[in-house]
Amino acid sequence: MKTYKLLLLLIGFSIMGCSDLEEEPVGLLAVDGFFETTTNIQTAVDGSLTHAINEKFWGRKLSIALMLRSDMVSLASNETRRVEMNEFTTLGSNGMISEFWPRTYQGIAAANGAIAGAEDVDVADEIKNPITAQAYFARAFYYFHLVRLFGDVPYIDEPIIDVDAMTSISRTPAAEVYEKIISDLEYAKTWLPTTVTSRAIPSKAAASSYLALVYLTMEEWQNASDEAKEVINNAGTYGLALDEDFQNLFNAEEIDASPEPIFSLDYNNFEADDNAYDQIAPMTGIRGDDRNLGGGWSVAVPTLEVYTTWNPDDYRRAVSMDDEVSIGGTVVDYTQFDISGHEFAKNNPYIAKYTRFPEPFARANARATSHNYSMIRYAEVLLIAAEAAVELGDNASALNYINQVRARARKGGVTGTGAGVEVVVDPSAEPADLTGTVTIDDVLEERRLEFAFEGIRWYDIARRKIGAQVFNASGLEGEKPFFTVDDYLLPLPEDELERNPNLTQNPGY
């Protein structure tokens, strides 16, 4: 009997557990006969969302790929798979794609199992549907990543029990995938609760916020505006607001109490089986750094221009980047970060969002941190509303929304350098409120700074098709000679195409 290692070898769902979700491994669960109570549905949902914190998804592979493809982060090391992502020479055999593609479909399969299994649970809809709605949200979350990365993708919305049938699945047009994402999010919005005990649990606000972002990506400006305003107008009901201190969003001890995250992936110092833990801090950390039991690995590092072109009076720069560190007991600024002697050490300011306050961690280099990674937060909803308002010709609203974000940025606050030196950024006039006419470039620039190194910038570049603009000789990374319009999409994994002749490759690969 042949063993098929396929895209969807996912009959059942792995439950590894994370933070506010299920925390005990329970192995593989067959759909048939398992679902008897709403607790069983919740277990399946938790299993679906656990795949998102895996090292093969947000724990490293996808998050770092998104950073490297942006114009703000370059590669300091020399691994081929990362070089391909950074230089836009990506092959279908790329080792990052071949890991986050199947992991994404595993999350989808678990969500499908929860949705199908819920039909066997004989309780009232008002009891069952709010739990099942989490699975609809999770499925939409995963497919939204897939369709933005690959365009047309196989769309599966029910458990697969016929292994042979998996080899005949074809790609679903991206427009249809978006329709199905919207349908799932609409269901989730209808049934999810208004408030949740943890932002790692999907809520009504999370569904509406993602609908706004989906519509923005589809350039349906009025729908994007309507959904964003729904969240903004009900922020008090949802318990949402901009955090007073931008640093709190990247401080593992503070973020649980923050009103800003809308949907998060919560690691909570937990290292589950199957690599379900956080490696972003070491991937972005400084070589030889005395913090975090050995410092970072110097893989994903901003270019110097990201730092030098960022207004130093903008508190977000102080929070987002480390320009001073202690290496071997010696405090140095970024011009001497190479005193560690490591070949990958770079004399550039590094990303500080994930290395500065990881709190308790289970392994050296700040692996298995306690971070909550905001997949979408209130500031993004404001900027979605601002961008949609520009497109709709409502300049007054655009000014209102974008200036709320800028006002928080200039409030200042207290953070600390990599050398443990306290940094106090006093409230200043920067970034000043925008006046006059707000442009799309204004909003994209605000998004670039507000969400620096959070995995959002590449999606903005791709949806706005501004690659030629940002990857030129005067760009933050300099010219990317290999970049073409085909690079807005990634190649489907080569081994998937070999196993399934019905799958086709994206143009240019």
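This report covers aromatic contacts, internal cavities and unusual backbone geometry in a predicted model.

**Aromatic contacts**

Aromatic pairs number 29 in the structure. In one of them, the ring centres of Phe57 and Tyr142 are 5.6 Å apart and the planes meet at 75°, so this pair is edge-to-face. Phe57 sits in the loop between α1 (38–50) and α2 (61–69), while Tyr142 belongs to helix α5 (residues 125–150); the pair therefore ties together parts that are 85 residues apart in sequence. Phe57 is buried, its relative accessible area being 0%, and Tyr142 is buried with a relative accessible area of 0%.

Helix α5 also takes part in an aromatic pair through Phe144. Its partner is Tyr210, and the geometry is edge-to-face, with 6.3 Å from centre to centre and 85° between the planes. Tyr210 lies in helix α8 (residues 204–217), 66 residues away from Phe144, and the pair links distant parts of the chain. Both Phe144 and Tyr210 are buried.

These four residues belong to one aromatic cluster, made up of Phe57, Trp58, Phe137, Phe141, Tyr142, Phe144, Tyr178, Tyr210 and Phe263.

Charged side chains also meet aromatic rings. Arg148 lies over the face of Tyr459, at 3.7 Å from the ring centre. Lys465 is placed over the face of Tyr488, at 5.1 Å from the ring centre.

**Cavities**

A search of the whole structure gives 6 cavities of 30 Å³ or more. The largest and the second largest are set out below.

| Cavity | Volume | Lining residues | Nonpolar | Polar | Charged |
|---|---|---|---|---|---|
| Largest | about 170 Å³ | 17 residues | 7 residues | 4 residues | 6 residues |
| Second largest | about 100 Å³ | 14 residues | 9 residues | 4 residues | 1 residue |

In the largest cavity, the lining residues closest to the centre are Arg148, Leu213, Met375, Ile456 and Tyr459. Two of these, Arg148 and Tyr459, are the residues of the charge-over-ring contact at 3.7 Å. The elements that give two or more residues to this lining are α5, α8, β10 (372–377) and α17 (457–464). Helices α5 and α8 also carry the two rings of the pair between Phe144 and Tyr210.

Around the second largest cavity, Trp58, Tyr354, Tyr373, Ser374 and Glu454 lie nearest the centre. Trp58 is also a member of the aromatic cluster. Elements α2 and β10 each give two or more residues to the lining of the second largest cavity, and β10 gives the most, with 4 residues. Strand β10 is also among the elements that give two or more residues to the lining of the largest cavity.

**Backbone geometry**

The peptide bond from Glu430 to Pro431 is cis, with omega near -5°. Pro431 is located in the loop between β12 (422–425) and α16 (440–450).

Positive phi values occur at Leu293 and Phe453, neither of which is a glycine. For Leu293 phi is about 50°, and the residue is in the loop between α11 (280–284) and β5 (300–302). For Phe453 phi is near 70°, and this residue is in the loop between α16 and α17.

Is each of these two residues buried or exposed? Leu293 has a relative accessible area of 62%, so it counts as exposed. Phe453 has a relative accessible area of 4%, so it counts as buried.

Definitions and conventions:
Residues numbered from 1 in each chain as written. Predicted model: local features only at pLDDT ≥ 70, side-chain atom pairs only at ≥ 80, totals over all residues. Heavy atoms only, no water. Phe/Tyr/Trp six-rings, centres within 6.5 Å; stacked < 30°, edge-to-face > 60°. Buried < 20%, exposed > 50% of the residue type's maximum accessible area, 1.4 Å probe, protein only. Lys NZ or Arg CZ within 6 Å of the ring centre and 35° of its normal. 1 Å grid on protein atoms, 1.4 Å probe; cavity = no way out; pocket = protein on both sides within 12 Å on 5 of 7 lines; lining within 4 Å. Points joined across faces, edges and corners; volume = space filled by probe spheres on them. Nonpolar A, V, L, I, M, F, W, Y, C, P; charged D, E, K, R; others polar.
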